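Here is a short report to read beside the model. Look at the picture first, then follow the text.

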Amino acid sequence: MNIGYACLAVGVADTQIKGCTIRNATDSRIAELAGENLSAVERMLEYNGLMNIRLFRMSSDIIPFAGNPVNTLDWSMLLAPQLAALGDKAKSLGIRLSMHPGQYTVLNSPRGDVVEAAIRDLAYHTAFMDAMGLGIENKIILHVGGGYGNHLEAMERFALHAEYLSPEIRNRLVLENDERIFNIEEVLELSETVKLPVVFDLLHHQANPSAPGGSPEIWMGAAAKTWKPKDGPPKVHYSQQDQGKKKGAHSTTISLDGFFDFIEMAQSYNPDIMLEVKDKNLSAVKCINALAEDKKINRLEQEWGRYKYNILEHAPEGYNRIRLLLKQKTAYPVRDFYTIIDGSLETPVTAGNARNAAEHVWGYFKDQADTSEKARFERLLSGYGKVKNAAPSMKAFLMKLQDKYQDEYLKGTLYFYLP
DNA sequence: TGACGTCAAGATCCG
DNA sequence: CGGATCTTGACGTCA
C-alpha cells in the first residue's frame, strides 16, 4: 500500500515546474523550460526516495504546451537521454508514477476539434512515460468528460473515441469518477465496455454519489476488481473536504482521524493511495508515518525539525507540548503529534509570535550576517504589528540568508514555505 | 458570458 | 531598481 502525492513538493528546493504564455512559446524557450522541469522532477524523485514515498503523480506541464500545435519541438528525441535517466531513477527508487490530464482533456466531446486535442494530449502523456521507459502499471488517469444532457450517449461516445486510441495509450489509461458529472456507478459501467481500470475517488464520490444501495467499500471493491495483474495494484484517490470551502474543495492537510477510518475501509483491497491535498508531500509523509511498521520516535523527531519554527510562530504552547511528547523515547505518539502540529498551524499567527520565531531563525545567521543584513533584519523586525506584510517579508529575507549561508540545522525547515 | 481549478507568468504599482 | 500586489493565461463545459 503505497501512499503518494501530486505534482509539486512543498518545501523542497528547486522543484518548481515552470511554464510560459503561448506568445512566448518558441521551441527554444520550450526546450529550455522542459530541460529545467525534468531536473525539477528529478529532485522531487530524489526527495521521494529519501522520504520513502513510492507513489507520485507527475505534472502534465513538464513539457510546456505539449499536445498543443504551437509546440513543434521534437522533445522526446531532444530530451531522450534525460527522460530515460529519469525513468531509471524512478525504477531504482521503486516509485510508481502516474499522470493526470485535467478537466480540459475531453475525449467524449461531440466536437471533433476537442476530441483531436484530447487524443493529442493523451498521446503526449503516453509518449512522455514511454520515453521514460516506464512499465504500463504507471498510469494515466482520465475523467470521462462532459455529460451533454445525456450520460448514456456521452459514455457511448467515450467508448467509440477510445477505439481510436493507440494500444500504447490504452495500456496506460485509467478512468476516474468525477465530482460533478459521472459517478462511480457510471464509470464502472463504462469500464466494462472499454476494458479500462477504474480509480475510485472517495471525495468525488461523496460530492457526486451514485444511486443509493452501494457503500464506499462496495464501490472501492468493484473498482479494485477492474485492475488486472499487468496494471499493477489498484489505485484510489483520497482527499478530505476543506470545511470552510465549497463541496469538493481539497483540505489544506490530511487529518489522521479521517485517514485511519479510510484505511480501515480500504486495507482489504491493498490499494495504492494518491492523496489530493494542498500540502502535498507533507501529508504523504504524515500518512506514511501514521502507518509505519517501525514505530521509531526518530521519524517524529525528524518531522519536528521541519515544523518546529512554524509551530513556534503559530502557537508557542504547541511547541512546548510537542517537546514534552517527544521526551518519551520508546513511545510512538504519532496521532497526538500530528494533532498538535495541525491544530497549531491552524492557529492564527500573532505579530508577537511571528517576531519571536523570526528572532529564533535569525539566531542561525546573526554571527555571519554583514552590516547591511543586520540593518535589514532590524528594520523588518521593527515592522511587526505596524507594517501589513511584516511576516512574509521577513521570511523572504531569512530564506535568502539560508540560500546564502546554508545553515545545516535549518536545511529542510518548512518555516520559509508555510504561511 | 462568467465560473470552475490551478498556480506561475506577466503586468503594474509602490517606495 | 527591487519588491509587493494584482491580473491574466490556457483549457472545455455548463449554468
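Of the atoms of DNA strand B within 4 Å of the protein, 65% belong to sugar or phosphate, and the rest belong to bases. This is a predicted model, where local features need pLDDT of at least 70, side-chain atom pairs count only at pLDDT 80 or more, and totals for chains, interfaces and linings use all residues. Residues are numbered from 1 along each chain as its sequence is written, chains are lettered from A and ligands numbered from 1 in the order in which they are written, and side-chain values use heavy atoms, with hydrogens and water left out.

**The DNA surface**

Which residues are around DNA strand B? They are L8, I17, K18, G19, T21, R23, N24, Q103, Y104 and K246. Near means that a heavy atom of the residue lies within 4 Å of the strand. By class, this surface has 3 nonpolar, 4 polar and 3 charged residues. Gly counts as polar here, and Tyr as nonpolar.

Some side chains make polar contacts, pairs of N or O atoms within 3.5 Å. Three are listed here.

| Side chain | Partner in DNA strand B | Distance |
|---|---|---|
| T21 | phosphate oxygen | 3.2 Å |
| R23 | phosphate oxygen | 2.7 Å |
| Y104 | base nitrogen | 3.1 Å |

**The cysteines**

A disulfide is a covalent bond between the sulfur atoms of two cysteines. The rule asks for two cysteine sulfur atoms within 2.5 Å. The count is 0 disulfides. Why is C7 not bonded to C287? The sulfur of C7 is 17 Å from that of C287, its closest cysteine sulfur, so the gap is too far for a bond.

C7 is partly exposed, at 23% relative accessible area. C287 is buried, at 0%. Buried means under 20%, exposed over 50%, and partly exposed in between, using a 1.4 Å probe and protein chains only.

Notes. A polar contact is a pair of N or O atoms within 3.5 Å; within protein, one must be able to donate a hydrogen and the other to accept it, and residues adjacent in sequence count only if both atoms are side-chain atoms.
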